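I sat down with this model today and kept a few notes as I went. Here they are, in the order I looked things up.

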Amino acid sequence: MTYFSHAPLNGNISPADFLVKNELGTFFGTTEAVFNDVWQKLTDPSGNSSLYISMEIGADLDVYNPLRRHLADRGILSSSAPELQRHLKKTHQGPVKIPNYGGGLGVLAGDTLKSFADLRLPVVAISLLYRHGYFSQYVDSELGQLSRSTVWSPEQTPTLYLLKDPHNPAIPLEIEVPFYTEDNQPALALAHLWMKTELSSTLDYFVPELLLDFSVTGNTKVIQETARQLYNASSSLTKALQRRLLGAGILPAVNALGITSRTIHLNEQHGVVVVIQLISEELQQILRHNNIEEASNEQIQEAARRISKKIVYTIHTPVTAGHDRFDKKLYAGISRKSCRRILDVLAVDADNPAAYNFTNFAMRVNRTANSVSRIHRDVTRRQFPAFAHKISAITNGVHHLTWISEKRAALFDSIAALDNWRKDPGVFTGIETLLKDHSFRSSFAKTWKRDSAQLFAYVNAMLKEHRNGMTRTWINPPNYLSSILSDHNLLSPEVFTIGFARRFSTYKRADLIFSNIDMLCDILLDRQRPVTFLFAGKAHPADEPGKKVIKHILSYQAELFEKSNGLANLIFIPNYDMNIAKMLVSGVHVWLNSPKRPLEASGTSGMKAAMNGVPNISIMDGWWVEGYNEGRTGWKFGKEEDIVSASLSESKESLFYEEDSASFYALLPDVLDAFYNSFDSLFLDKSLQNLLLNIPLFNTHRMAGEYADRYDLALAGDHQEKMNYFAKLYSSDNFSISIE
Ligand SMILES: *Cc1c(COP(=O)(O)O)cnc(C)c1O
């Protein structure tokens with residue numbers, strides 16, 4: 001069964017079905033009716049739509065591309081009309097990577113926007129376009145992580161369009177963003193606007209993602225360099241300027257397009273500079289003049305109160321490195337006095353009077369703030385007691401159509417009980433009988449095997465390539481095994497495989513389970529059971545401790561192999577991205593998560609595994625507190641301190657390596673026995689319970705339902721009903737995690 005019911009057209013498509021030409025440009029994959037519907041909602045005088053502001057958006061086309069899928073299903077690969085042919089070629093053969101994300105925050109943003117599109121919500125996203133993307137990772141066994149900028153071509157990328165100037169279609173639309181030169185002179189920065197059409201799964205709607213491109217001739221070198229690479233942290237100045245480019249660009253961009261949204265959703269505080277502008281405008285009205293620096297504290301607070309009604313804010317981490325603080329002296333060099341006047345009152349840093357705290361600022365200026373899981377809500381309330389009353393939980397989700405593997409999806413498509421699963425991940429709540437069905441169980445297990453085989457084909461090819469490349473490059477292959485394995489002796493997908501892939505931050509403790517290699521190897525030798533560990537992930541280039549963890553991982557490979565007589569194989573896959581993530585979460589046998597509780601606010605890769613029926617083995621932190629289901633869906637290990645008193649420190653002593661790794665070693669034999677001795681019963685049971693218990697909850701359709709509720713959008717009756725249905729699949733905020 002294919003998802004689309006249209007009859008194959010053998011390439012005969014009419015331009016009107018797929019092309020829109022208007023004053024902003026030519027857009028492929030949508031119709032005039034759809035485009036106008038979206039635009040009408042975003043420019044409606046009611047302002048009943050919202051802006052979604054994010055520093056990064058992860059939506060690579062190799063893991064999800066409804067347009068290409070639709071065209072392929074209908075057999076539309078080429079056309080005799082030259083204009084269509086050009087677009088078809090780009091769609092089918094153009095680049096599939098959009099390296100405008102660094103990790104979980106961006107992937108979450110992309111997943112969220114896809115669900116907004118599927119649910120036809122009136123939302124427009126704003127982010128930056130990074131000409132050098134996020135860095136590409138190379139890994140050398142001696143040196144550890146090496147980074148290079150990622151060169152890509154927005155011009156060649158499908159679904160991405162440079163918007164035209166409506167008054168002069170020969171040139172790009174250019175906006176002017178108020179800015180400051182390095183020596184504190186007011187200036188203007190110029191930006192072009194790119195629009196990615198984030199299409200709904202059935203192509204009947206899209207969410208525009210506006211990417212501000214500051215690599216424009218006419219901008220100073222500093223601005224161009226600041227905008228070039230995501231999370232460029234070469235200096236605090238660059239970091240502060242990059243945040244400003246995002247925040248200060250928002251109003252000029254929406255004004256240029258006539259967008260009227262009255263709600264602004266800050267996905268993290270990175271774009272909070274927009275609020276300074278809004279408060280300035282408000283103060284001008286209160287004061288009836290432009291000398292804002294003369295405003296009293298009360299007047300500034302009053303303006304902030306009014307503006308707060310427009311703002312909703314999602315905080316994503318309790319970790320200090322994620323809370324932007326900027327030195328007041330540094331800020332004095334890049335802002336006008338009135339801006340500092342506002343920050344002096346609203347961005348107070350309790351720990352450091354010489355800094356502005358932008359997380360504190362964002363916490364203050366919103367009508368509602370949400371954490372990304374229940375446990376994270378309780379930690380956030382503890383960190384920001386003054387705002388505890390307005391902090392609630394909306395637990396993260398993932399876009400089910402993106403993360404469920406093609407093979408699993410095809411199986412779900414073939415099952416009558418799951419008829420509507422693509423549109424409604426809630427249907428999995430009704431599959432209890434299906435899970436007992438022999439033929440379903442064995443089909444599911446077969447599908448899993450095929451996904452594992454695909455993953456290991458990739459891993460083995462990678463090892464071979466590294467082995468062959470040894471003489472060609474100066475990079476030492478990152479994997480010890482690439483020189484040991486031969487074409488006749490490959491890693492097997494039948495071996496119990498533990499996956500771990502994350503940003504390498506110290507609190508995620510990627511190396512936790514290798515704390516005591518002797519003990520780990522003894523467990524395997526005792527049972528004569530092999531294990532393959534697949535690891536991947538990037539450390540931010542400026543994060544030295546994070547990079548050290550990668551070096552640790554690499555350095556354990558030989559020792560593990562030797563001490564276990566070859567039973568333990570550890571592989572590092574370089575350059576983690578969404579595609580590698582998708583292969584891993586569907587191809588491994590368990591997904592490992594070993595952060596220090598309670599520092600993992602949510603975590604989403606575990607949800608991706610759960611969607612594929614891959615059990616998690618995890619510390620009780622982030623989403624897993626909600627997804628564990630008393631062990632029906634996987635395993636837990638590690639300390640479960642009460643979070644009211646748990647340490648939030650990342651210092652070595654507070655990371656509990658010894659206790660938590662010992663807890664993992666105590667658990668491991670059970671997991672090995674379940675996999676090797678009771679796969680068809682115990683192991684598969686845990687796997688399949690994830691479909692029933694976790695898919696309906698940890699998806700972005702449900703999350704979007706809860707957000708829409710916060711946005712207070714006035715939707716049409718039946719639309720509102722549908723959103724309520726998704727919101728009610730779960731109540732993120734219901735339960736307290738804290739032990740009273
Ligand atoms: C899902 C994903 C992440 C986030 O994973 P966490 O479990 O939240 O750490 C990071 N990077 C990529 C490429 C992903 O697909």
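**Notebook: two domains and a ligand**

I began with the contact surface: domain 1 and domain 2 bury about 3600 Å² between them, and carbon and sulfur atoms give 59% of that area. Buried area here is the accessible area (1.4 Å probe) that two parts lose on being put together, summed over both. For domain 1, I noted that Q137, I375 and R382 supply 18% of what this domain buries against domain 2, more than any other three residues.

A word on the source: this is a predicted model, in which local features need pLDDT of at least 70, side-chain atom pairs count only at pLDDT 80 or more, and totals for chains, interfaces and linings use all residues. Residues are numbered from 1 along each chain as its sequence is written, and side-chain values use heavy atoms, with hydrogens and water left out.

**Domain layout**

I checked the bounds next: domain 1 covers 15-393 and domain 2 covers 403-697, as given by an automatic or database domain assignment. Taken over C-alpha atoms, their centres are 32 Å apart. The contact (heavy atoms within 4.5 Å) takes 42 residues from domain 1 and 46 residues from domain 2.

**Across the interface**

I found 2 salt bridges between the domains, where the rule asks for a side-chain nitrogen of Lys or Arg within 4 Å of a carboxyl oxygen of Asp or Glu. I also looked up the pair K97 and D577, a salt bridge whose closest N and O atoms are 2.7 Å apart.

Which elements supply at least two residues each to the side of domain 1 that touches domain 2? I listed α5 (104-118), β5 (136-140), β6 (144-148) and α13 (374-383); helices (H or I, at least four residues) and strands (E, at least two) are DSSP runs, numbered from the N terminus. Helix α13 gives the most, with 7 residues.

**Around the ligand**

I counted 14 residues around the ligand, and the closest are K508, G603, T604, S605 and K608; near means that a heavy atom of the residue lies within 4 Å. Polar side-chain atoms lie 2.5 Å from a ligand oxygen for S605, 2.8 Å for K508 and 3.4 Å for R502.

**Salt bridges overall**

My last lookup gave 35 salt bridges by the rule. One of these pairs is D673 with R527, with closest N and O atoms 3.2 Å apart. It links distant parts of the chain, as D673 sits in helix α23 (residues 657-677) and R527 in helix α18 (residues 517-527), 146 residues apart.

Technical notes. Polar contact = N/O pair within 3.5 Å; in protein donor to acceptor, adjacent residues only side chain to side chain.
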